[in-house]
Amino acid sequence: MSGKTLISIKSKVYCAKLNISGLLLIVIDRENNRIIGVNGVFISGDSLKNARTNISAVDFIEAITIASQQYAVQKEYFELTRNYLLQRIDQKNINVLLNNIENSPIAAVNEVQRIIKSALNIDVIDVYSEFDSISNAQYNEIIIAQKIDSLTLAEQVEIAAQYYDNDKKLTEESLKKSKQDIGIAVLYLTSSQYNGICFCFINCATRKILYCFCWLDDPTIVQSEIKSSDALYDLFSRIVKQAERPGKFTPLQHEIQSQLWKIPTDALLQAIEHEASALASQLFVDLLKQFRDIQVRAELHRTDVIRFHMLYNPSQFDKKDNKEEGDSKLDKKLVAVDLVLSPTSGKKVSQLQRGDFIYVLIDTSTPYGYDVAKTLNLINENKNTPVEAEVYSVNYNKKKGYTLFVKITESLYGKATEEQDIKVKTKLTVSGEEETSSNASLVIGIIAGLIVIIIILLFVLLT
């Protein structure tokens, strides 16, 4: 498992007593000894007890997604498990687990089973796990896939229309047919003085160039930035950042980049359609022939427009204040949060009102969320602890369920989405019934006291 910094634990779970089965993916950053992701699904019945675990983490996530669409989901069991893993599993537990994964897989399987038993507070449960190492790029693919799955078609059209000249009919047609409309040409430039990497993006449906980026530098510096194990979008993000830095080749870099926009689109589209990298290489050689002592090698790729927007849209690399998606009306910094459940004594999401106080966990699976939790001193001994938050708004949508916004501090708000009307942990306050009972007892006590005083006064007067 050497060479990759993330460990994935793929587990299938079956509990006859609770009549549930499930799939669970746990991702651990072994360099920092912390859990960075918990994904899964629990359903009614035993349909998942024989599910495959000897597949890649990306395929396992796909199995989780399919199961959540096909079966009756028991979300509270997954929430209990996820919250337990994120709150109760400290660095010591993770060290033990990682050591067992490396040296004693059977002990690791038993350790995962013990953890899930504790999370669900059940004695008899079958848990089988397999372990894999994955790269950050592979895990990013999982996160992107989940984000895409969470979007409705209307939301996808809204995102993608900007790349189709705001033609929503054409956009929807492309999305429904899962077309890989975005062509990517990656150019590797070499010369006696410099090396370079360029990216050109073209929409195959509208036949228009979307973006071109180019970076030139000393050969040793460029070669140090290229790693064979890197995902294409990781390489692109580095190229964008490097291209923004001024250097001795910057004027030439800008000149070459401006030439890339002049590529004959019909010829490039033909090369992309037939996956003809040699043809594309010759197109760019002819385009850049004015630059002496330059050699060009082209690689061709394709992707869909939503993935292009999430992975390659250059605006995501702009230097802006940290901002999370959410209700723009808040005009505050926003962070993703998970609700802390309380199945027995909690309050249903639908019953929450503005001003109620509940407990949430800041989602630390992203660098932004982890930094926020760290700043608020919520990371103790590598455990994420809940924080009290005031309910700002609760909105319901038939497709997405409940969306909550909570106020954590004056300048920080949290956003949570729950498909079901679950019970959440609220701040301990005197309930309405207890308050009524207390008031009634107080009135009775006052009346009783007055009666005693009257009796004493009558006794004194008569004697």
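Let's begin at a pair of strands: strand 11 (residues 357-362) and strand 14 (residues 387-397) run antiparallel and are joined by four bridges. To find one of these contacts on screen, pick valine 360, whose bridge partner in strand 14 is valine 387. Keep in mind as you look around that this is a predicted model.

Zoom out a little from that pair and a closed barrel of five strands comes into view, running 9-11-14-15-16 with mixed pairing. Within this sheet, neighbouring strands are turned by 50° against each other on average, direction ignored. In general, the strands of a sheet pair through backbone hydrogen bonds, either parallel or antiparallel.

Now move to another sheet. This one is open, with four strands in the order 3-2-1-4 and antiparallel pairing. Its edges are strand 3 and strand 4, each of which pairs on one side only. From one strand to the next, the twist averages 15°. Inside the sheet, strand 1 and strand 2 pair in the antiparallel sense over 10 bridges, and cysteine 15 has isoleucine 20 of strand 2 as its bridge partner. Helix 1 packs on this sheet, where it touches strand 1, strand 2, strand 3 and strand 4, and its direction makes about 145° with that of strand 2. Helix 2 lies across strand 2 and strand 3, running at about 165° to strand 3.

Helix 1 deserves a closer look. It covers residues 57-70, and at 1.5 Å a residue its 14 residues should span 20 Å; the end C-alpha atoms are 20 Å apart, so expectation and model agree. Which residues of helix 1 are buried? They are Ala57, Phe60, Ile61, Ile64, Thr65 and Ala67. Seen down the helix axis, these buried residues fall within an arc of 165°, which means that they line one face of helix 1. On the other side of helix 1, Gln69 and Gln70 are exposed. The cover over the buried residues includes strand 1 (6-15), strand 2 (20-29), strand 3 (34-44) and strand 4 (126-134), along with helix 5 (136-149).

Helix 10 (residues 250-260) can be read in a similar way. Its buried residues are Thr250, Gln253, Ile256, Gln257, Gln259 and Leu260. Among the elements that cover them are strand 5 (182-190), strand 6 (195-203), strand 7 (208-217), helix 9 (232-243) and helix 12 (277-287).

Finally, turn to the charged side chains. The whole structure holds 19 salt bridges. One of them links arginine 82 with glutamate 79, with the closest N and O atoms 2.7 Å apart. Both residues lie in helix 2 (residues 75-88), three residues apart, or about one turn of the helix. Are these two partners buried or exposed? Arginine 82 has a relative accessible area of 14%, so it counts as buried, and glutamate 79 is buried too, at 1%.

Another salt bridge joins aspartate 304 to arginine 307, with 3.2 Å between the closest N and O atoms. Here aspartate 304 is buried, with a relative accessible area of 13%, whereas arginine 307 is partly exposed at 32%. The side chains of lysine 347 and aspartate 356 also meet in a salt bridge, at 3.1 Å from N to O. Lysine 347 counts as partly exposed, with 27% relative accessibility. Beyond single pairs, salt bridges that share partners join Lys75, Glu79, Arg82, Asp338 and Glu418 into one network.

Conventions:
Residues are numbered from 1 along each chain as its sequence is written. This is a predicted model: local features need pLDDT of at least 70, side-chain atom pairs count only at pLDDT 80 or more; totals for chains, interfaces and linings use all residues. Side-chain values use heavy atoms; hydrogens and water are left out. Helices (H or I, at least four residues) and strands (E, at least two) are DSSP runs, numbered from the N terminus. The expected span of a helix is 1.5 Å times one less than its number of residues. Buried means under 20% relative accessible area, exposed over 50%, partly exposed in between (1.4 Å probe, protein chains only). The arc is that of the directions from the helix axis to the C-beta atoms. Contact means heavy atoms within 4.5 Å. Two strands pair if DSSP finds at least two bridges between them. Axes are lines fitted to C-alpha atoms, for helices over the stretch in contact, and angles run from 0 to 180 degrees between N-to-C directions. A salt bridge is a side-chain nitrogen of Lys or Arg within 4 Å of a carboxyl oxygen of Asp or Glu.
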